[in-house]
Amino acid sequence: MLETYERVYMIVKFPNQTTLYVACSKKCGTTSATSIMGYPRAGTHMARQMKSVLRKHDEWWKSIARAPYTLDEVDYKYALVRDPVRRLVSCFKDRVLLKNRNNIRDEVDNWEDFINNLDYFRTQPHYTDIRRHSLPQVVVLGKNVELFDDVYKTNEISTRFLTDVSRIAGTEIKPIKTKVSAPITQEIKVTDAHVKIIKDYYSDDYTYWGDYFQ
């Protein structure tokens, strides 16, 4: 059964009246993308705070259902994707080791146990944060690549994505300063067995978006 929890869509109207729709799962660069999309209005990078700035100008909507446009009426449609292996490692490092969301470290504190019990941690009602940040990307992106004008990998957000948003917004957007995260002392070794677990679990992501994970 396809999950429907915590979809992330972003619709913005730039000061030049151009509109952009972005589909992006959590742990795929939502914060950086949000900051870039709000830069033409704010003139600076403000990460997640960009949403409140844009809402004051009625230039930000969380979904097409809330926006004054249909999907066909939006000028540009972009998708952001991330290799599921790297995404899940990032999820574990950030949400388990660094932030201990929902006190998950009371139950798991190492990658081996986490990946071998992935379905358990994703489906327990008290670990909603893990579920949100490991949702299959196909839930947000859908299965039709041709819906989008372009697709960007997470590592292209500060380069190609930024350049293209600058172009359509008619504003030179400055690069985002790299966020320095707390160091992770635990070694994360991803084995072939782990990769197989992830590829099986996120099989739809690989089927429909796998060309962009290479």
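**Definitions applied to a predicted model**

Q: What makes the radius of gyration of the protein agree with that of a compact globule?
A: The globule rule, 2.2 Å times the number of residues to the power 0.38 over C-alpha atoms, gives a value near 17 Å for 214 residues, and the protein has 18 Å, which agrees. The model is predicted: local features need pLDDT of at least 70 and side-chain atom pairs pLDDT 80 or more, while totals for chains, interfaces and linings use all residues. Residues are numbered from 1 along each chain as its sequence is written, and side-chain values use heavy atoms, without hydrogens and water.

Q: Why is His133 called buried?
A: Buried means under 20% relative accessible area, exposed over 50%, and partly exposed in between, with a 1.4 Å probe and protein chains only. His133 has 9%, and is therefore buried. Of the 214 residues of the protein, 46% count as buried.

Q: Which residues is His133 in contact with, leaving aside its neighbours within four places in sequence?
A: Contact means heavy atoms within 4.5 Å. On that basis, His133 is in contact with Lys26, Lys27, Arg87, Cys91 and Arg95.

Q: Where in the secondary structure is the place of His133?
A: His133 belongs to helix α6, residues 128–133. Helices are DSSP runs of H or I with at least four residues, and strands are runs of E with at least two, numbered from the N terminus. The protein comes to ten helices and five strands.
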